[in-house]
Amino acid sequence: MPEHEEWIATSGPRLVSYDPAGSAIPAGVLSDARLSLMAKGLYALVLAKQGQPINPYEDAFESVEDIRAAIDELVAAGLVVRVITP
């Protein structure tokens, strides 16, 4: 069990594919100057889970502070929501 835990999921309906490799990151997200590269990468991970909540702290190399900042960016942009642990 990771020391830190915070579950997030996409904030609304997203295109779901039976092939996770087919998940595309919207160009608007990639070009959003408000989002750091870390936040964009975390969003890609969230999309790859196709609506299933994730705990980005699990198996992460990045610092807790960096992950938390990326989550905050995505929440502020309305791209993810915090959810109760599944």
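**Close-up views of helix H3 and its surroundings**

**View 1. Contacts of Leu74.** Apart from neighbours within four places in sequence, Leu74 is in contact with Leu35, Ala39, Leu42, Tyr43, Leu79 and Val80 (contact: heavy atoms within 4.5 Å). The model is predicted, with local features requiring pLDDT of at least 70 and side-chain atom pairs pLDDT 80 or more, while totals for chains, interfaces and linings use all residues. Residues are numbered from 1 along each chain as its sequence is written, and side-chain values use heavy atoms, without hydrogens and water.

**View 2. The buried side of H3.** Buried residues of H3 (under 20% relative accessible area, 1.4 Å probe, protein chains only; exposed is over 50%) are Val64, Ile67, Ala70, Ile71 and Leu74. They lie on the same side of H3, because their arc around the axis is only 130° (taken from the directions from the helix axis to the C-beta atoms). Strand S1 (7-10), helix H2 (37-48) and strand S2 (80-83) are among the elements covering these residues. Helices (H or I, at least four residues) and strands (E, at least two) are DSSP runs, numbered from the N terminus.

**View 3. The opposite face and the end of H3.** Exposed Glu65 and Ala76 are carried on the face turned away from the buried side of H3. After H3 comes Gly78, with a positive phi near 75°.

**View 4. Confidence along the chain.** The protein chain has a mean pLDDT of 83, with 81% of its residues at 70 or more (pLDDT: the predictor's confidence in each residue, from 0 to 100). Mean confidence is lowest in S1, at 74, and highest in H3, at 95.
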